[in-house]
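Please have a look at the sequence and the model shown here. The report below goes through helices, packing, empty space and a few single residues.

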Amino acid sequence: MDIKIRSDEKLYMEELKSWLREESETPLEEMGSFFEKRVGGYEEHMSVWKEAYRKMALLVPEGTENILDLGCGTGLELDEIFKVQPEVYVTGIDLCPAMLEKLKEKHGDKEINIICGDYFTVDLEKEIYDLAISFESLHHFTLNQKKELYRKIYKALKDGGIFIECDYIACCEEEEKILYCEYLSKQEKATVNGFVHFDIPLTAEHEIEALNFAGFKSIDVIDSINGATFIRAVK
């Protein structure tokens with residue numbers, strides 16, 4: 001893998017450890033509730049990745065007809081995709097109703113099938129999508145959860161279909177381990193059920209392991225922009 005996840009890895013890890021100490025007593029929040037409370041400032045918060053959203057749009061193959069967007073939120077990646085491929089049909093899945101309302105307001109004139117739910121349990125038809133995408137959503141889940149999800153995505157793609165993940169990827173084994181340990185510690189004190197909002201990114205090597213397990217044969221780490229790393233996998 002030639003892509004460097006963090007150019008300032010040592011400093012980054014020092015800052016991460018400091019932040020974890022400061023947040024050690026902060027309780028976990030249920031995933032949907034977390035985003036419901038923050039929908040008003042969500043797009044401004046995510047603006048740090050404007051360049052990455054544009055990159056996502058450029059990676060969509062010309063002639064793509066049918067896209068599956070997992071964790072679509074307010075549709076920031078779709079804002080850019082519709083600029084270059086306005087006729088594409090999108091199925092967008094997200095847990096947060098308020099986020100999806102914002103998406104509807106922006107793109108009510110587009111062909112979008114909006115599903116409010118979690119992408120682990122939503123039924124997907126087999127072999128119908130040209131492309132599946134996810135932007136900064138999957139770093140809340142474990143290796144085993146991702147193996148299950150990636151297999152589901154694999155089955156939903158047509159032969160030759162592509163999955164493009166743009167996400168927070170751990171820069172090293174140490175980052176993956178300390179965040180997962182903190183997550184387990186917080187889970188012991190948690191008062192919420194279901195999916196919770198806490199970052200537990202995998203290393204690129206473990207992401208590739210999960211994608212290989214799912215059946216993807218051609219997997220490449222292709223770019224990293226402000227901490228948002230792109231991985232492309234082909235069925």
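Is E136 buried or exposed? E136 is buried, at a relative accessible area of 10%. Buried stands for under 20% relative accessible area, exposed for over 50%, and partly exposed for what lies in between, with a 1.4 Å probe and protein chains only.

The model is predicted: local features need pLDDT of at least 70, side-chain atom pairs count only at pLDDT 80 or more, and totals for chains, interfaces and linings use all residues. Numbering starts from 1 along each chain as its sequence is written, and side-chain values use heavy atoms, with hydrogens and water left out.

**Two loop residues with positive phi**

Most residues other than glycine have a negative phi. E136 has a phi near 50°, a positive value in a residue other than glycine. E136 sits in the loop between β4 and α6. Helices (H or I, at least four residues) and strands (E, at least two) are DSSP runs, numbered from the N terminus. E127 also has a positive phi, near 55°. Its loop runs between β3 and β4 (129-135). E127 counts as partly exposed, at 47% relative accessibility.

The table sets out accessibility for four residues.

| Residue | Place | Relative accessible area | Class |
|---|---|---|---|
| E127 | loop between β3 and β4 | 47% | partly exposed |
| E136 | loop between β4 and α6 | 10% | buried |
| L100 | helix α5 | 3% | buried |
| F195 | loop between α7 and α8 | 23% | partly exposed |

**Helix α5**

Helix α5 covers residues 97-107, and M99, L100, L103 and H107 are buried there. These residues lie on the same side of α5, because they cover an arc of only 95° around the axis. The arc is taken from the directions from the helix axis to the C-beta atoms. The buried residues of α5 pack against two helices, α2 (31-45) and α4 (76-84), and two strands, β2 (89-94) and β3 (112-116).

Take L100 as one of them. L100 touches C72, G73, D94, I114, I115 and C116, leaving out residues up to four places away in sequence. Contact means heavy atoms within 4.5 Å. L100 and F163 are 63 residues apart in sequence, and 22 Å separates them C-alpha to C-alpha.

**The α2–α5 packing**

Two packed helices are described by the angle between their axes and the distance between the axes. For α2 and α5, the angle is about 35° and the axes are 8 Å apart. Axes are lines fitted to C-alpha atoms, for helices over the stretch in contact, and angles run from 0 to 180 degrees between N-to-C directions. From α2 come F35, E36, V39, Y42 and E43; from α5 come P97, A98, M99, K102 and K106. By class, this contact has six nonpolar, no polar and four charged residues. Ala, Val, Leu, Ile, Met, Phe, Trp, Tyr, Cys and Pro count as nonpolar, Asp, Glu, Lys and Arg as charged, and the others, Gly among them, as polar.

**Helix α8**

In α8 (residues 204-214), the buried residues are A204, H206, E207, A210, L211 and A214. They share the same side of α8, because their arc around the axis is only 165°. Their packing partners are α6 (143-156), β5 (157-168), α7 (173-189), β6 (218-225) and β7 (228-234). G215 follows α8, with a positive phi near 120°.

**F195**

F195 lies in the loop between α7 and α8. Beyond its neighbours within four places in sequence, F195 is in contact with E29, E30, M31, L95, D118, F120, F141 and Q145. One of these, L95, is 100 residues away along the chain, with 9.9 Å between the C-alpha atoms.

**Empty space**

On a 1 Å grid over the protein atoms alone, a cavity is a set of points where a 1.4 Å probe fits but cannot get out; a pocket is an open set with protein on both sides within 12 Å along at least five of seven lines; lining residues have an atom within 4 Å of a point.

The whole structure holds one cavity of 30 Å³ or more. The largest cavity has a volume of about 50 Å³. Its lining includes Y42, M46, Y53 and F135.

The largest pocket has about 1200 Å³ of space. Grid points are joined across faces, edges and corners, and a volume is the space filled by probe spheres set on the points. The pocket is lined by 44 residues, and H45, H139, H140, H197 and D199 lie nearest its centre. The largest share of this lining, seven residues, comes from α2. By class, the pocket lining has 22 nonpolar, 12 polar and 10 charged residues.
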